[in-house]
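Dear colleague,

I am passing on the structure we talked about, and I would be glad if you could keep it open while you read the notes underneath it.

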Amino acid sequence: MMKLAGVAGIFLVGFFGAVAYADPAEDTLILNEDIKMVTKTAAPAHLSDVMDEVYSGWLFRGTETRAMQADDFDNPGMLFVEQAEGVWNTVEGSEDKSCASCHGASEEMAGVKAVYPKWNETAGEVRTIEMQVNDCRENQMGAEKWGYTSGNMVNMTALLASVSRGMPVNVAIDGPAQSVWEDGKELYYTRTGQLEMSCANCHEDNYGSMIRADHLSQGQINAFPVYRLKNTKLNAVHSRFKGCVRDTRAETYSAGSPEFIALELYVSSRGNGLSVEGPSVRN
């Protein structure tokens, strides 16, 4: 059984009561009885000092929730993908263009989600896929930018994720992106809030622990956007970051902030080798 660590362990036991441990499910995700997804693999080299394997959050969900994600007809997130497909082909803005005008069918974007966030040489910055979508809207279509976690944006990122499902996450962390990655790593291990907890306290030190009915995962984000049964909608990764920071009773950062961009780059790299799963289904 994994041992609880430090302040986080005291909090988990003291606030929630007794804490049990349960292994990730021994199960295989085969999407639509066709695409075998990698939900467990060797940890990337930069994690070798803290863990041997990385696990998708899918393995920490119950049988019914896992089954919902395995079939597109049962996955509620696919309804939003269908909405985004219509937007993909809709002409907008002063340039009378749609996404398809430049990129063709949405399927042509297969592989894109697997490598974001990534360094953009022209802009001289690390960009998330949301940033790139808005750059295209503003500078190629002459259309208004979307809100970072707006419905249109999260739907579009779900569409872009869906055409990459089964492809391995392969986020680059070297070269000019390395300093941003280091900033994200620092955030991941920094204790915040009144509870003095970091991301690592739950998702590295205590994953597998059962807290009431919840099974703590490694906090991998290869499956975002996520349809959460809790709030019955698609959720963006920065929305989840905000919720986690609030859970430590700390003042959180804004979606699209430099802090969350750096954190997304770092956390994405922790899942290198896992399959792109979005849109996934979680509690």
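What follows is an account of what was found in it, going from the overall fold to the interior spaces and then to single residues.

Please bear in mind throughout that this is a predicted model. The protein contains 10 helices and 12 strands. Its radius of gyration is 19 Å, close to the 19 Å that the globule rule gives for 283 residues, so the protein is as compact as a globular protein of that length. Along the principal axes the C-alpha trace spans about 60 × 40 × 35 Å, and 48% of the 283 residues count as buried. Among the contacts with a separation of 6 or more, 68% are made by residues 24 or more positions apart. The exposed surface comes to about 13300 Å², and carbon and sulfur atoms supply 49% of that area.

Turning to the interior, a search of the whole structure finds one cavity of 30 Å³ or more, and the volume of this largest cavity is about 210 Å³. Its lining is made up of 20 residues, with Lys113, Tyr116, Ile221, Phe224 and Glu264 nearest the centre. By class, the lining has 12 nonpolar, five polar and three charged residues. Helix 5 and helix 10 (258-270) each supply at least two residues of this lining, and helix 10 gives the most, with three.

Two of the residues nearest the centre of that cavity, Tyr116 and Phe224, also come up in the backbone geometry. The peptide bond from tyrosine 116 to proline 117 is cis, with omega near 0°, and proline 117 sits in the loop between helix 4 and strand 6. The bond from phenylalanine 224 to proline 225 is likewise cis, with omega near 0°, and proline 225 belongs to the loop between strand 9 (214-215) and strand 10 (226-228). Such bonds deserve a mention because most peptide bonds are trans.

The second largest pocket holds about 240 Å³ of space. It is lined by 18 residues, of which His103, Met109, Gln132, Val133 and Cys136 lie nearest its centre, and the lining divides into 12 nonpolar, four polar and two charged residues. Helix 4 (99-103), helix 5 (129-141) and helix 6 (151-162) each supply at least two of these residues, with the largest share, seven residues, coming from helix 5.

Serine 106 is found in the loop between helix 4 and strand 6 (118-120). At 1% relative accessibility it counts as buried, since the cut-off for that class is under 20%. Leaving aside neighbours within four places in sequence, serine 106 is in contact with Glu85, Trp88, Leu159 and Val163. Glutamate 277 lies 171 residues from serine 106 along the chain, and the C-alpha atoms of the two are separated by 16 Å.

Lastly, there are two phi angles that you may wish to look at. Glutamate 33, in the loop between strand 2 (30-31) and strand 3 (35-36), has a positive phi of about 55° although it is not a glycine; at 77% relative accessibility, glutamate 33 counts as exposed. Threonine 232, in the loop between strand 10 and strand 11 (233-235), also has a positive phi, near 50°. Most residues other than glycine have a negative phi.

With best wishes

Conventions:
Residues numbered from 1 in each chain as written. Predicted model: local features only at pLDDT ≥ 70, side-chain atom pairs only at ≥ 80, totals over all residues. Heavy atoms only, no water. 1 Å grid on protein atoms, 1.4 Å probe; cavity = no way out; pocket = protein on both sides within 12 Å on 5 of 7 lines; lining within 4 Å. Points joined across faces, edges and corners; volume = space filled by probe spheres on them. Helix = DSSP H or I, 4+ residues; strand = E, 2+ residues; numbered from the N terminus. Nonpolar A, V, L, I, M, F, W, Y, C, P; charged D, E, K, R; others polar. Rg over C-alpha atoms; globule rule 2.2 N^0.38 Å. Buried < 20%, exposed > 50% of the residue type's maximum accessible area, 1.4 Å probe, protein only. Contact = heavy atoms within 4.5 Å. Areas by Shrake-Rupley, 256 points an atom, 1.4 Å probe, with all protein chains shown as cover.
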